[in-house]
Amino acid sequence: MGKPTGFLEYDRKEAVGETPLERIKHFNEFHTPLSKKEQELQGARCMNCGVPFCQSGILIKGMMTGCPLNNLIPEWNDAACLGNWDEAYFRLRKTNPFPEFTGRVCPHPCEVGCTCNLNGEPINIKEKELSIIETAFAKGLAKANPPAVRTGKKVAVVGSGPSGLCVAYYLNKRGHSVTVYERSDRPGGLLMYGIPNMKLEKIYIDRRVKLMEAEGVEFKTGINVGIDIKAAQLTKEYDAVILCCGASNPRDLKVPGRKSKGIYFAVDFLTATTKSLLDSGLSDGKYISAKDKNVMVIGGGDTGNDCVGTSIRHGCKSILQLEMMPKLPDERTPDNPWPEWPKVCKTDYGQEEAIAVFGKDPREYQTTVKEFIADEKGNVCKAKLVKLESKFDKKAGRNIMAEVEGTEYEVPVDLVLIAAGFLGSQSYVTKAFGVETNPRTNVKTAEGSFRTNKEKVFVAGDMHSGQSLVVRAIREGQDCAREVDEYLMGYTNL
C-alpha cells in the first residue's frame with residue numbers, strides 16, 4: 001500500500017473535459033489527463049484491500065462487478081503511487097493486452113467493486129489505467145516483441161474487433177502464424193466503426209495494429225469471409241479458424257411506416273460518419289447527415305448516446321431519445337447495495353451536450369414508436385409515439401411494458417436512428433462455416449468452451465456470448481486463444 005491513509009487524505013479527482021458547447025465543435029477526444037503528480041496521489045487512495053473486489057470479475061444478480069480481465073489493480077496503483085510507472089505497466093500488461101482501449105471505452109466495473117464506494121467515491125481506476133499505458137508508449141516500453149520461435153501452425157481469425165485482436169495477439173505471442181481477415185477497409189471492427197472518435201480516436205487503433213504487424217500478425221482488410229472467400233478454403237489452408245464477427249444483427253422495429261426513407265440503424269449512421277471523417281474530414285459528404293434535421297434516437301444505451309452526440313456535432317435541429325423503460329433512480333436504492341452494479345441514472349456526454357444546446361434532457365422514458373408517417377415523397381416526417389407502463393403479463397409470466405391507452409401523440413421527425421441493440425451473429429457467416437447457433441443466433445458451444453461443432457473452427461466475443469462490453473470481448477479472446485493453443489499443441493502455456 002503506497003500510503004495507508006491515502007483514502008482518508010485525498011479526494012477523488014477526474015480528468016477535466018471541455019465544456020459541452022466547446023467540444024461539439026469537433027470529433028476528437030475532449031478530456032485533459034491529470035498530471036503525473038495528481039495521478040500518483042490518486043493511486044495513493046487505493047486501500048490494497050484484503051479482498052480486492054475491483055479485480056474480481058464476478059457476476060452478481062447477472063451484473064458485472066470487478067474487472068473481467070482480473071487486472072492487478074492494487075498492484076499497479078501502488079507502483080504508480082510510488083512513481084514507479086515502469087513497474088505499473090509491467091503489471092498491467094500481464095492481464096490486459098489493450099489498456100489504451102479499455103482505458104477509454106470500458107464502463108469500468110472495477111470502480112463499481114472498489115471498497116471505497118462504501119463510504120465515499122471509488123479509486124479513479126479508469127484514468128490510472130489509461131495513464132499507465134500512454135506513459136509506457138511515451139517511454140518506449142510498449143514496443144514490438146515478436147516471438148523468438150514459430151510453431152509452424154497457421155491460424156485464421158475472422159473479424160478484427162476486440163475479441164479478434166485479442167485472439168490474434170496471444171496466439172501470435174505463442175508463436176503461431178496468425179492472419180486476421182476483416183471485411184471493412186480498416187482493422188478494428190467495433191472499435192474502429194462502432195465507437196465514435198470522441199470516445200476513441202482511431203490513431204490509437206492504428207498504433208496497436210502497427211505494433212501487432214511488427215510482431216508478425218498479418219491483417220487482410222476488405223475481405224468478407226463467406227462471400228469474397230469461401231469458408232472451406234480457410235479451413236483447408238489453416239490449422240484453426242476463429243470466428244470473431246461480433247453480434248452484427250441490429251434489432252429492428254416492426255411498426256407501420258418502417259420502410260419510410262430517413263430511418264436507419266444506429267450502427268450504419270455511426271459507421272458512415274466515422275468512415276467519412278477518416279477519409280475526408282466529412283468533406284466527401286458520404287455519410288448520413290443530421291444537419292438541420294429533427295432527429296429521433298430509439299434506444300437509451302451507449303449506442304443511443306453516441307448517436308445523440310454525433311447528431312449534435314452534425315448540427316441537428318432537435319434531438320429526441322426514446323427509452324422504453326422507466327428512469328432509473330439518481331442514487332442506489334436499498335435493494336441495490338455495493339458491490340452490485342449501481343442501477344442508477346447516468347447522464348452521458350451526448351445527453352450533457354443536448355442539455356447544453358437545447359436546454360433539456362433529450363430522453364423520453366416509458367415511450368415507444370407506434371407508427372412512422374411519411375410525406376408524399378416517402379420521407380419520414382412524423383412519428384406517432386405512445387406511453388408505456390409496467391404490467392404483469394400472465395401469459396409471459398413476467399412484467400412487460402404495455403401501451404397506455406389514450407396516450408398517443410405525434411412529433412415531427414426527419415431522421416430516425418434505431419439503437420435498440422443487437423440480436424446475434426449474421427447468418428451468412430454461420431451458414432458458410434456450418435456452425436450451429438442457439439435460439440439467440442449466437443454460435444453454440446459446450447459450456448465454458450469456444451470450440452464449435454465443426455472441426456478446426458472456434459468462436460469468441462459477441463458472436464459467442466452475445467452483445468456485451470469491450471472488456472468482456474477481450475476476456476473471451478484470451479480464453480479462446482488458450483483453448484485454440486491447446487488444440488494445436490496438445491498443451492498450452494498461455
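The following questions and answers introduce selected features of this predicted model.

Q: How are residues numbered, and which pLDDT values are needed for local features and for side-chain atom pairs?
A: Residues are numbered from 1 along each chain as its sequence is written, and side-chain values use heavy atoms, with hydrogens and water left out. Totals for chains, interfaces and linings use all residues, whereas local features need pLDDT of at least 70 and side-chain atom pairs count only at pLDDT 80 or more.

Q: How many aromatic pairs does the model contain?
A: Rings of Phe, Tyr and Trp (its six-membered ring) pair if their centres lie within 6.5 Å; planes under 30 degrees apart are stacked, those over 60 are edge-to-face, and the rest are tilted. By this rule the count is eight aromatic pairs.

Q: Is the pair of Tyr169 and Tyr170 stacked or edge-to-face?
A: The ring centres of Tyr169 and Tyr170 are 5.0 Å apart. Their planes stand at 85°, so the pair is edge-to-face.

Q: Are Tyr169 and Tyr170 buried or exposed?
A: Buried means under 20% relative accessible area, exposed means over 50%, and partly exposed lies in between (1.4 Å probe, protein chains only). Tyr169 has a relative accessible area of 13%, and Tyr170 has 17% relative accessibility. Tyr169 is therefore buried, and Tyr170 likewise counts as buried.

Q: Where do Tyr181 and Tyr238, which form an aromatic pair, lie in the chain?
A: Tyr181 and Tyr238 form an edge-to-face pair, with 6.3 Å from centre to centre and 90° between the planes. Helices (H or I, at least four residues) and strands (E, at least two) are DSSP runs, numbered from the N terminus. The pair links distant parts of the chain, 57 residues apart: Tyr181 is in strand S6 (residues 177-182), and Tyr238 is in the loop between helix H12 (231-237) and strand S8 (240-243).

Q: Which residues do ring pairs link into a cluster with Tyr169 and Tyr170?
A: Ring pairs join Tyr169 and Tyr170 to two Phe residues in a cluster. These are Phe98 and Phe101.

Q: Which residue lies over the face of Tyr204, and which over the face of Trp85?
A: A charge sits over a ring if NZ of Lys or CZ of Arg is within 6 Å of the ring centre and within 35 degrees of the ring normal. At Tyr204, the distance from the ring centre is 3.5 Å, and the residue is Arg104. At Trp85, the distance is 5.1 Å, and the residue is Lys36.

Q: How many residues of helix H14 are buried?
A: Helix H14 (residues 302-314) reaches 18 Å from its first C-alpha to its last, close to the 18 Å expected at 1.5 Å a residue (the expected span is 1.5 Å times one less than the number of residues). The buried residues of H14 include Cys307, Val308 and Ile312. H14 is mostly covered, and the buried count is 11 of its 13 residues.

Q: At roughly what angle do the axes of H14 and H15 cross?
A: Axes are lines fitted to C-alpha atoms, for helices over the stretch in contact, and angles run from 0 to 180 degrees between N-to-C directions. Angles under 35 degrees count as roughly parallel, over 145 as roughly antiparallel, 65 to 115 as roughly perpendicular and the rest as oblique, and H14 and H15 are therefore oblique to each other. Their axes come within 7 Å and cross at roughly 40°.

Q: Which peptide bond in the loop between strand S11 and helix H15 is cis?
A: Most peptide bonds are trans. Pro339 lies in the loop between strand S11 (318-323) and helix H15 (349-358). With omega near 5°, the cis bond is the one from Trp338 to Pro339.

Q: What is the phi of His108?
A: Most residues other than glycine have a negative phi. His108 is in the loop between helix H6 (99-105) and helix H7 (109-113) and counts as buried at 4% relative accessibility. Its phi is positive, near 55°.

Q: What is the phi of Thr441?
A: Thr441 is placed in the loop between helix H16 (427-433) and strand S18 (457-459). Thr441 is partly exposed, with a relative accessible area of 31%. Although Thr441 is not a glycine, its phi is positive, at about 65°.
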